[in-house]
Amino acid sequence: MSISSNWINLPKMELHIFTTFSLTILLSLLFLPFCIAQRNTTFQVGVVLDADSLVARIGMTSLSLALSDFYSFNSNYSTRIVLHTRDSKGRVTDAAASALNLLKEVQVDAIIGPQRSSQAEFVIGLGDTAKVPIISFSATSPSLRPQTPYFVQTALNDAAQVDAVAAIVKYFKWNQIVLVYEDSEFGNGITPYLANAFQQINARISYRSIIPTSASNDFILQEMYKMKTMQTRVFVLHLSSPLASRIFLKAKEAEMMSEGYVWIVTSGLMDLFYSLNSSVVESMQGVLGVKPLVPRSSKLISTTVRWKKKFADDNPETTPQTEMNLYGLWAYDTLWALAMAAEKTGFKEPTSSPNTTFLNSTDMFVTETSQTGPKLLAAMLETKFEGLAGNFNLVNGQLDQSSFQILNVNGTGLREVGTWTPLLQSLSQRNASMTGFSGEHLDSIIWPGESKNVPKGWEVPVSGKKLRVGVPLESGFPEFVKVEKDPQTNSTKISGLYIDLFDSIMAALPYAVRYEFVPFEKPDGSSAGSYDDLSYQVSIGNYDVAVGDITITATRSQYVVFTLPIEEGGVTRTQKIQYDDNPNDKWFFLKPLKMELWLTILALFVFTGVSLWILEHKFNKAFRGRPSAYLGLIFYIPFMSLVFAHREKIVTNLARVVVVVWIFVVLVLTSTYTASLSARLTTFKLQQGDTDVNTLIRNGDYVGCREGTFLAEFLRRLGFHESKIRIYKHPEEFDDALSKGSENGGVTAIFSSSPYADLFLSKYCSKYMKFGSPYLTAGFAFGFPKGSPLVGDVSSAITKLTDSHKISEIKAHWIRQSGCNEDDDPSKVGWTNIGLKSFKILFVVTGSVTGAAVLLFLASFLYQHRVRVREIYDSDNTFWLKMRAFGNLFDEKDPDFFPESAVEMGLLPGHSSRRVMLDNMQVVHNNKRVMVRAFSIN
């Protein structure tokens, strides 16, 4: 029973479940279209462009084609973009009004545009307030991006190309350029970046030509003629297409598109090259330009074909375009990126209440805040794909860097001569010789005037203006620079060493340079200042070059750039020559020998005389006599030997040895004395000069230098007080001051550059000389304005003339040789006072020989008379009596040399062989003890 009932109730339960399921499916089908409709969001996108401009026409065609292509390829996407176009009419106010209208009335989620950088300056502020992305494919000024994160540049920033432009200048080694740009946000924004890029390669912007966007043709032509009068021939242009077209037409009219000129244009003009008028293209022959590199692809080729057809259909009155230029490519890629971002965002959220904080003013600028804009911006910044223009990748809201083509205008087209890449450029910054070009090479270029010769980047102005060569009015030495004026004709004649050098160097240049020498003087004819002042005048353009005896210094280098030195530098100290000896001194004859040597010689004279007397007294009649005569004889014999005039006969061998040695000593001494005295009488020795200026400073001596030079400051840095520095103009004044000395109103020393000192001493070498080592300084050189293209060529010419000895020949013509023989330079005299050390060995030898002879004689004498010596010694007499007895014994004549003395002593004939002995006997006479002599004959 229960089983039957269950089977009966089962169909009812199934029917209930089926009914519930069916109602669910029906409701789902009914609400599904409504939900799908809610999420199939349409994004409203505004477009603000200058409708009548070529860029706007190209951009609109690209946006329209991109919109069609994107949704054709992605038909399954749920989001759609609707474009709302507004005409900004080339004015900032209209661009702002159009953007405000789109934000308030249409409530757009993004705005593509505006077209110009100046318009974007204001529009991006509105976008930032409304939180709506402002996306521009044509506003390229680098100054726009930092203002707000809601501004996106889908075109390459202008700053991306400055390194490529600088690489061209670096490749051809140009060091000076003229920058021409328009007075607008587009032109001004790139200027700091170009200046930095040129500075990194040591190129100088010599002139900036700022062209107003509304400039008349007359203004442009006048500016062309102004630039034509300048030396620089390298022009870098950053201008909009309409203004650049007028510039080149006027440049051709001014004959500035001829050989020797260089014109480099930025990508803004190169992008629109094929849209230019044929007359403009004709005037641009030989121009170089940079343009972002667009990789070729099949998609680009097919799209370009369709784009050109669509552009012709959309703009039947506009000249057909031969290519889809960069603005068209960037606009196409911008729409694709925005459509992808919209799809990532998914759906549009309602806007919030009006933001009343913006400008805090009237309701005119009050807009609602978009809730979709921030999401759409974030999605777009993350979007990456391979677009028509290359890799689409936004970095910090800007299109990532790409490589650049280097293009040369040739005929009616552009010819690629090289490629520059950022990667290679980064390597070139670490290697000064690299430029960033592929292969570090550019193909041959056809320059303006159909020339294949690389322009050197500068020329002498063709306006007839000569280089004004400033020369100092007074250089101190007329041999260096001499300015003479004819009072009758009022003409000026400038001559001198450095004038001739400059003439020769300029004549050695591979091109002609017209110049004229202009004295650096005031209207009244007086000097206009120092050499520092002359350098400053060159820096401000009153002179084109400074020529003369100009020393390279740090101060002057702040104003000018110097060539290679044409003369060696150095600061020399010149002082009066002071001699050790005065030939009029009454004691001058004693100066050859030192006092110690004189005393030694005198002592040796006495010693030799005494020795000879001792050796000859007993045997030589000439050495006997009264005791008073002994002293004269002792001095007479040695002194007379100086002239070998003594007539006394020497009889003993020992004395003869002493005399021989003494004669040799006398010969050496007299020869040395004669030579030294002769040297002193013919050449006088200088006093030792102080090589340390600290002595001059401590003594408070006055020092001098030449007027107008850097030496006054140089002396102050050395430590001289300003009151101790005296300034002079002419070499005659130097001579007078040094002759007087510090004590008499002059100076002790003159400090001057080495060339001055050499020239001064060539006239006064007998009175003055250099003291101490010269202080190292840079040499003399010519000063040119910083960035002058002449510096390198002039320095090369200096090197060339130096190697060929031409400079030496010119110097020899102006600087006469000194009348003083270099071998007679007083500073090189080498004699000194002769001292004892020089004769030490000689004196030891003669003293030893003489002393030995005397000792040998005394020993022999004592031995022969040993008995009597013993008797005298052993007697009881006093010491003085004993000494007298010894003296009497020594005074006895030698009978072998004095035969008559034998008779006197009692020596009889026939008894010659007997020895006569003298006995000393003591007797007392008158209470005194006396010695008597007794003879005994054995």
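## A surface patch, two cores and a long-range fold

F879, W880 and M883 come together as a nonpolar patch on the surface, and their combined accessible area is about 410 Å². Do keep in mind that this is a predicted model. W880 sits in helix 30 (residues 879-891). Is W880 buried or exposed? Its relative accessibility is 67%, and residues over 50% are classed as exposed, so W880 counts as exposed.

Let us step back to the whole chain. The protein chain holds 31 helices and 31 strands. Of its 938 residues, 47% are buried. The chain exposes about 46900 Å², with carbon and sulfur atoms supplying 56% of that area. Taking contacts between residues at least 6 apart in sequence, 72% join residues at least 24 apart.

Now to the interior. The largest nonpolar core has 84 residues, and those with the most contacts inside it include I81, I168, W174, F198 and I264, along with W330 and L338. Helix 13 (residues 326-345) gives this core its largest share, 13 residues. Apart from this core lies another one of 58 residues, with F520, V538, L759 and L761 among them.

Two residues make a friendly pair to look up in the viewer, and the table lists their contacts, leaving aside neighbours within four places in sequence.

| Residue | Contacts beyond four places in sequence |
|---|---|
| W330 | F137, T154, A155, L156, D271, P292, A389 and L399 |
| T563 | I552, A781, F782, F784, V791, V794, S795 and I798 |

Where is T563 found? T563 lies in the loop that runs between strand 23 (560-562) and strand 24 (571-576). Why does T563 count as buried? The reason is its relative accessibility of 4%, because buried means under 20%. Among the partners of T563 are A781, F782 and F784, as well as V791, V794, S795 and I798.

Finally, have a look at helix 28 (residues 840-864). Its 25 residues reach 36 Å from the first C-alpha to the last, close to the 36 Å expected at 1.5 Å a residue. Which residues of helix 28 are buried? They are L842, F843, T846, T850, G851, A853, V854, F857 and F861. As background for reading that list, an α-helix has 3.6 residues a turn, so residues three or four places apart point the same way.

How values were computed
Residues numbered from 1 in each chain as written. Predicted model: local features only at pLDDT ≥ 70, side-chain atom pairs only at ≥ 80, totals over all residues. Heavy atoms only, no water. Core = buried A, V, L, I, M, F, W, Y, C linked by side-chain atoms within 4.5 Å. Buried < 20%, exposed > 50% of the residue type's maximum accessible area, 1.4 Å probe, protein only. Helix = DSSP H or I, 4+ residues; strand = E, 2+ residues; numbered from the N terminus. Contact = heavy atoms within 4.5 Å. Patch = residues over 30% accessible without salt bridge, like charges linked within 9 Å, V, L, I, M, F, W, Y side chains within 5 Å. Areas by Shrake-Rupley, 256 points an atom, 1.4 Å probe, with all protein chains shown as cover. Salt bridge = Lys/Arg side-chain N within 4 Å of Asp/Glu carboxyl O. Expected span 1.5 Å × (residues − 1).
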